[in-house]
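Here are a few worked exercises to try with the viewer open. Have a go at each task before you read its solution.

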There are 2 protein chains.
Amino acid sequence: MTNPAYFPQLSQLDVSGEMESTYEDIRLTLRVPWVAFGCRVLATFPGYLPLAWRRSAEALITRYAEQAADELRERSLLNIGPLPNLKERLYAAGFDDGEIEKVRRVLYAFNYGNPKYLLLITALSESMQMRPVGGAEVSSELRASIPKGHPKGMDPLLPLVDATKASTEVQGLLKRVADLHYHHGPASDFQALANWPKVLQIVTDEVLAPVARTEQYDAKSRELVTRAPELVRGLPGSAGVQRSELMSMLTPNELAGLTGVLFMYQRFIADITISIIHITECLDGAEAASKSPFPI
Amino acid sequence: MTNPAYFPQLSQLDVSGEMESTYEDIRLTLRVPWVAFGCRVLATFPGYLPLAWRRSAEALITRYAEQAADELRERSLLNIGPLPNLKERLYAAGFDDGEIEKVRRVLYAFNYGNPKYLLLITALSESMQMRPVGGAEVSSELRASIPKGHPKGMDPLLPLVDATKASTEVQGLLKRVADLHYHHGPASDFQALANWPKVLQIVTDEVLAPVARTEQYDAKSRELVTRAPELVRGLPGSAGVQRSELMSMLTPNELAGLTGVLFMYQRFIADITISIIHITECLDGAEAASKSPFPI
């Protein structure tokens, strides 16, 4: 695979055996319709993702974790105006209400899941860096599990456009939205929006270009990256695997690489959480964008 | 090696053959007395560091690069007061002027080198993420090479304390200063200061603890991480290796891991540049801390 658009990962359609059940359990436990880009990359490190997920699932399915994700989502609203009116822009580009509703469902599904993945990756990253995660005293109410399985009305598996197989135009759009964020590749969120290239083009050029990597955007991202480790320290159970425990299982460069990948995706997912909420705010307003679309 | 203080790397004393000459050429070309933590970790990825360095050395030895590093150093001064008087604190802890001078030499050597490594790692990271680096039109004056070899008065190789072999007390200090920055391990700078455990303790608790990861600190770090890619785009020659070129040379997880490691160290070195300049400011004032200690 020498396509420049390729970033190493195990795609959701290419996994089998233990990795396939890990992917499925992640989606069902977090109640989301995709396995995050970061997790698909972690899956290339032998043995790590299934082990790390087994060690984290119980803490992540708690009401505490759901509320922590709700807090991160609420914090993610950018206060940058004036906001473009995305619905008007989509009407002008020829989309009707039915098509806009399909785009909305995609945005809401990612809005639900992004802050949950931010918690997960933060927990994995902090553990890898040998800092404490979880084990806090929390009430029995917050320690309780939320229901496993996708919320009513959510598609169980969103189709993601594979950048390496997309048209030159779509490859260019995916590259542009990644570079706009100074990212190494496009988030799943943009791979899903790429099913409507015109939508991806409009949100990239008119919604995200004016805000991505501005001072306010970076201050917001910093707020999430700072707050998430505090929240994972408060998890009722431990999560992730400490670096010292992986030394016999991984090679030196795998151990270093995992540390870097986790560090990078913690920041990547914070950015994407902000960007998708900003798009949603431009479509449906601040209230809809910052509340959980699938409250427990 | 199952010591929890261990982070995978090739230490300066353990390299031979091509890697030893790469390490030496990095030190001589950048005119610094150590190979950065980030480079020692990159050295665990087969073939990458010698190749990436060969592709970068010519652009990094230019007067343009020296001036770009000078700019990053000047930008790194934190405006956070009141400053502790480090000299008074060291006198009070029993250090005399001769000992303080030795500490000063270490700080100045790292102050010289940190922004140069920030440029190098930024160039490597941007290339890995398939963004353009170098090739800009610059004047023949800025395109010219600076002298290769250590500046007069600089020790050619600073001794770094190996955390895995240090006393429990020193291991604890190194872990604390790393965690204070939310880093995965201690910078070389702190490994060098660990030769005086009391100095490391004082700078950690009294100089860095009040500022590290505050809003102003993170805003400054963000400024460096934003400015450095602009500066490497302006390099007179290319630097680094593009991800697509490495696909036949590295495994998928090595390719992903390298991307993460470079992303992480770009931010790590920005932080350390700020922290060491802050320590120097507390010792010798803002002017001495933010100017090149070894101007060309």
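**Exercise 1. Size up the contact between chain A and chain B in this predicted model.**

Start with the area: chain A and chain B bury about 3500 Å² between them, and 60% of it is on carbon and sulfur atoms. Next, see who supplies it on one side. A:Y182, A:R222 and A:N253 give 18% of the area that chain A buries against chain B, more than any other three residues. Finally, count heads: the contact takes 44 residues from chain A and 44 residues from chain B.

**Exercise 2. Find what crosses the interface of chain A and chain B, and which helices of chain A take part.**

Polar contacts come to 26 residue pairs across the interface, both residues at pLDDT 80 or more. As for helices, α9 (168-180), α12 (215-233), α13 (243-246) and α14 (252-284) of chain A each bring at least two residues to the side that touches chain B. The largest share, 12 residues, comes from α14(A). Sort that side of chain A by class and you get 19 nonpolar, 13 polar and 12 charged residues.

Now pick out the salt bridges: the rule finds 4 of them across the interface. For an example, look at the side chains of A:D179 and B:R131, which meet at 3.0 Å, N to O.

**Exercise 3. Work out which other salt bridge A:D179 makes, and where its partner sits.**

Stay on A:D179 and look within chain A: its side chain also meets that of A:K175 in a salt bridge (3.0 Å, N to O). Both residues lie in helix α9 of chain A, 4 residues apart, or about one turn of the helix. Then classify the partner: A:K175 counts as partly exposed because its relative accessibility is 34%, and the buried class needs under 20%.

**Exercise 4. Classify both partners of the salt bridge between A:R213 and A:D218 as buried or partly exposed.**

First the geometry: the closest N and O atoms of A:R213 and A:D218 are 2.7 Å apart. Then apply the cut-off, with buried meaning under 20% relative accessible area. A:R213 has 22%, so it counts as partly exposed. A:D218 has 11%, so it counts as buried.

**Exercise 5. Say which parts of chain B the salt bridge between B:D284 and B:R104 ties together.**

The closest N and O atoms of this pair are 2.7 Å apart. B:D284 lies in helix α13 (residues 252-284) of chain B and B:R104 in helix α7 (residues 97-128) of chain B, so the bridge ties together parts that are 180 residues apart in sequence. On accessibility, B:D284 is partly exposed at 25%, while B:R104 is buried at 16%.

**Exercise 6. Check the length of helix α5 of chain A, then list its buried residues and what covers them.**

Helix α5 has 13 residues (63-75), and at 1.5 Å a residue it should span 18 Å. Its end C-alpha atoms are 18 Å apart, which agrees. Within α5(A), the buried residues are A:Y64, A:A65, A:E66, A:A68, A:A69, A:L72 and A:R73. Their cover includes α4 (57-60), α7 (97-128), α8 (140-143), α12, α14 and α15 (286-290) of chain A.

**Exercise 7. Place A:M247 and decide whether it is buried or exposed.**

A:M247 is found in the loop between α13 and α14 of chain A. Its relative accessible area is 12%, so A:M247 is buried.

Conventions: Residues are numbered from 1 along each chain as its sequence is written. Chains are lettered from A and ligands numbered from 1 in the order in which they are written. This is a predicted model: local features need pLDDT of at least 70, side-chain atom pairs count only at pLDDT 80 or more; totals for chains, interfaces and linings use all residues. Side-chain values use heavy atoms; hydrogens and water are left out. Contact means heavy atoms within 4.5 Å. Buried area is the accessible area (1.4 Å probe) that two parts lose on being put together, summed over both. A polar contact is a pair of N or O atoms within 3.5 Å; within protein, one must be able to donate a hydrogen and the other to accept it, and residues adjacent in sequence count only if both atoms are side-chain atoms. Ala, Val, Leu, Ile, Met, Phe, Trp, Tyr, Cys and Pro count as nonpolar, Asp, Glu, Lys and Arg as charged, and the others, Gly among them, as polar. Buried means under 20% relative accessible area, exposed over 50%, partly exposed in between (1.4 Å probe, protein chains only). The expected span of a helix is 1.5 Å times one less than its number of residues.
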